[in-house]
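Got a moment to go through the labels people put on a model? Let's ask where they come from.

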Amino acid sequence: MAYVGHIMNHKPETLAPSLDQIEAIARDAIARLPEMFRVHLSDIVLRVEEFAEDDVLAEMGIEDPFALSGLYMGRPLGEKSVFESGAMPDMIFLYRRPLLDEWAETGESLERLVTHVLIHEVGHHFGFSDADMHRLEQED
């Protein structure tokens, strides 16, 4: 957390981590991944936003914007073709406000939570479904 300093009452205040701070946590998590995975992530765009766009939530059938903390948009590696051109880059979105809410509710470290959501979205890039990743998490 960022330390703001002493305010008029001389009590230290803290602010919730910013978009940039959450992005830095996510980039550190990517840097810690084994090289064999990182090499396939170099072209992915990482974006941290407050919430998912309304149209994204509607398309996914999600009414509560706090219910979505991360999203992979793109084509999994196994479905890509060298003959495709002009496609938008693959993107991983992390949503700050839902992440902060989950952080406050669970007491889990923010680094661990951001890393967990990021790895989940990276899994989609590699072609894993939510069910696949849930099974893998249960094996841990």
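What follows is a short run of questions and answers about the labels used here.

Q: What kind of model is this, and how are residues numbered?
A: The model is predicted, so to speak of local features takes pLDDT of at least 70, side-chain atom pairs count only at pLDDT 80 or more, and totals for chains, interfaces and linings use all residues. Residues are numbered from 1 along each chain as its sequence is written, and side-chain values use heavy atoms, with hydrogens and water left out.

Q: What makes up the chain, in helices and strands?
A: Six helices and five strands. Both are DSSP runs numbered from the N terminus: H or I over at least four residues for a helix, E over at least two for a strand. The order from the N terminus is β-β-α-α-β-α-β-β-α-α-α.

Q: Why are the rings of Phe37 and Phe126 called edge-to-face?
A: Rings of Phe, Tyr and Trp (its six-membered ring) pair if their centres lie within 6.5 Å; planes under 30 degrees apart are stacked, over 60 edge-to-face, the rest tilted. Here the centres are 5.5 Å apart and the planes sit at 85 degrees, so edge-to-face is the word.

Q: What does the pair of Phe37 and Phe126 tie together?
A: Phe37 is in helix α2 (residues 35-38) and Phe126 in the loop between α5 (110-125) and α6 (130-139), so parts 89 residues apart in sequence are tied together.

Q: Why does Phe37 count as partly exposed?
A: Buried means under 20% relative accessible area, exposed over 50%, and partly exposed in between (1.4 Å probe, protein chains only). Phe37 comes out at 33%, so partly exposed fits. Phe126, with 23%, is partly exposed too.

Q: What about the rings of Phe51 and Phe66: why edge-to-face?
A: Their centres are 4.9 Å apart and their planes make 85 degrees, so this pair is edge-to-face. Phe51 is in the loop between β3 and α3 (54-60), Phe66 in the loop between α3 and β4, 15 residues apart. Phe51 is partly exposed at 22%, and Phe66 at 31%.

Q: How do you know that β3 and β5 pair?
A: Two strands pair if DSSP finds at least two bridges between them. β3 and β5 (residues 91-95) have five bridges, in the parallel sense. Glu49 stands opposite Tyr95 in β5.

Q: What makes β3 and β4 edge strands?
A: The open sheet has the order β3-β5-β4, with mixed pairing. β3 (45-49) and β4 (70-73) each pair on one side only.
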